[in-house]
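Got the viewer open? Let's walk through this one stop by stop, with a selection to make at each.

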Amino acid sequence: MGKSNPFSFRRSSSTTRRRRTTKKVGESQQSANAPSPPANVGDVVAAKPKKKAGGARLWMRFDRSGESELFECDKNTIIKRAGIPARDLRILGPVFSNSSNILAREKAMVVNLEHIKAIVTAEEVLLLDPLRQEVLPFVDQLRHQLSHKNHFNTSGIQQGGRQLALRDTESNLSASGRWQPVPETAEGLQAELPFEFQVLEIALEVVCTYLDSSVADLERDAYPVLDELAKNVSTKNLERVRSLKSNLTRLLARVQKVRDELEHLLDDDEDMTQLYLTRKWLQNQQSEALLGGVGSNSFPNNVLHLRRLSSVKSGSMLTSGNLNDDDVEDLEMLLEAYFMQLDGTRNKILSVREYIDDTEDYVNIQLDNQRNELIQLQLTLTIASFAIAFETLVAGLFGMNIPCRLYDIEGIFEPFVGGITAASLVLFLLVLGYARWKKLLGS
């Protein structure tokens, strides 16, 4: 056995060498027969199937006329199209779903109000996740309002176009060649908000209506539950009130966020000025028209075209010298109206919370009264136990078989027991009267 081990080892070693040699020869033949690698690495990458671009989300686009279209695109496309930084687009993401923000940028306005997440420019609206159940009322109202106003503005422009043309072509140029303030527009062109404020107004209206309906549902469910709790304090009623109070706290926080955002805008005139996207767009178009139309006959026609796109206030002052960039009266009135509505909604929630607090105070008073009654009952029973303990003490003393002359008297048992019981009763009444005198017991 000892000699067989070396032979077996040599045999396995030689076999291993042959296998390694065969493997090397095979690898050299495969490398010789293998095709040469491509000169460009991109060819290999192109041969692989392309992965689907991630991060694409569903958007809906609305233009000024109310026409809409659905499309999917990633955030980089939206950033380039709207001209906003990437950090503003994160506000519309799921991380900030519970926040409310209205941000003004150079060419766009980012709106994040409850379930409405949109990017508004001077010419279009990009709405995120338009097929959600909560967003559908906003989509329908936006389409209806924009289509209706576009039809109204088209008819108004046709009626007042002649008067505007006459006023524009007569002489808006002074003797020095500078433009004078344009008179008020024709009666057919009525004043209206810029496009971005129309969208903002619809968004605020939908959000305020949704919050008002939520508060109405809360009030409808709250008062019966609280009245039932005031009548019957039970575990079931307490659980219903706890759930009601949690819903009220969440709803109050949502209303407070939207209200605080509007209050922040109303306190800062600069932010409100930045929200005038149509005004900035008109100024850019006007500057291009002035630069491109100097010395040409198309100059009045370009200015007339810009005036028709603007509102009455914007159209009455088209030059940078006459246009008041700090005029935020329209937006301020718009925000104040919905701020007051949100403030009223908040007051309704606070009134419900005050009613809940009053009900809780009433229930606590009831429970305190019941605890006091239990304490009084316990004190009365304690006094009675003390009187009975006195009688038991006397009975125990006479049960020790101590020699006493009372044992020799016949018929003494009944009077003696009656006397001890009467003494115990008198002791009970004395202690009970003392407790009432100290107002430890109620009358």
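What follows is a short tour of a predicted model, starting with confidence and ending on the surface.

**Stop 1: colour by pLDDT.** The chain average is 76, and 70% of the residues score at least 70. Now select residues 1-19: pLDDT stays under 50 there, and the model has 0 contacts for them beyond four places in sequence. Do likewise with residues 21-53, where pLDDT also stays under 50 and the model has 2 such contacts. Low pLDDT means predicted coordinates shouldn't be read in detail. Hide both stretches if they clutter your view.

**Stop 2: the sheet.** Show the strands as cartoon. You're looking at an open sheet of 6 strands, ordered β2-β1-β6-β5-β4-β3, with antiparallel pairing. Which strands sit at the edges? They are β2 (68-73) and β3 (101-104), each pairing on one side only. Ignoring direction, neighbouring strands here are turned by 20 degrees against each other on average.

**Stop 3: along the β3 end.** Select β3 together with β4 (109-113). These two are antiparallel, paired over 4 bridges, and a hairpin of 4 residues takes you from β3 to β4. For a landmark, put N101 on as sticks: the residue opposite it in β4 is N112. Next, add β5 (residues 116-120), which runs antiparallel to β4 and is joined to it by 5 bridges. Here, pick V110 and look across to its bridge partner in β5, I119.

**Stop 4: the helix over the sheet.** Select residues 75-82 to bring up helix α3. What does α3 lie across? Its neighbours in the sheet are β1 (57-63), β2, β5 and β6 (124-128), and the helix runs at about 130 degrees to β2.

**Stop 5: a salt bridge.** Side chains of opposite charge can pair when their charged atoms come close. The count of salt bridges in this model comes to 16. One of them is worth a look: show D129 and R57 as sticks, and you'll find their side chains meeting at 3.2 Å, N to O. The two come from distant parts of the chain, 72 residues apart: R57 is in strand β1, while D129 is in the loop between β6 and α5 (136-170).

**Stop 6: out to the surface.** Switch to a surface view and select L393, L397, F398, M400, I402, L406, Y407 and I409. Together they make a nonpolar surface patch of about 740 Å². To place yourself in the chain, click M400: this residue is in the loop between α12 (329-398) and α13 (413-437).

Notes. Residues are numbered from 1 along each chain as its sequence is written. This is a predicted model: local features need pLDDT of at least 70, side-chain atom pairs count only at pLDDT 80 or more; totals for chains, interfaces and linings use all residues. Side-chain values use heavy atoms; hydrogens and water are left out. Patches are made of residues with over 30% relative accessible area and no salt bridge: like charges are joined within 9 Å, nonpolar side chains (Val, Leu, Ile, Met, Phe, Trp, Tyr) within 5 Å. Accessible areas come from the Shrake-Rupley method with a 1.4 Å probe; for residues, only the protein chains shown count as cover. A salt bridge is a side-chain nitrogen of Lys or Arg within 4 Å of a carboxyl oxygen of Asp or Glu. Two strands pair if DSSP finds at least two bridges between them. Axes are lines fitted to C-alpha atoms, for helices over the stretch in contact, and angles run from 0 to 180 degrees between N-to-C directions. Contact means heavy atoms within 4.5 Å. pLDDT is the predictor's confidence in each residue, from 0 to 100.
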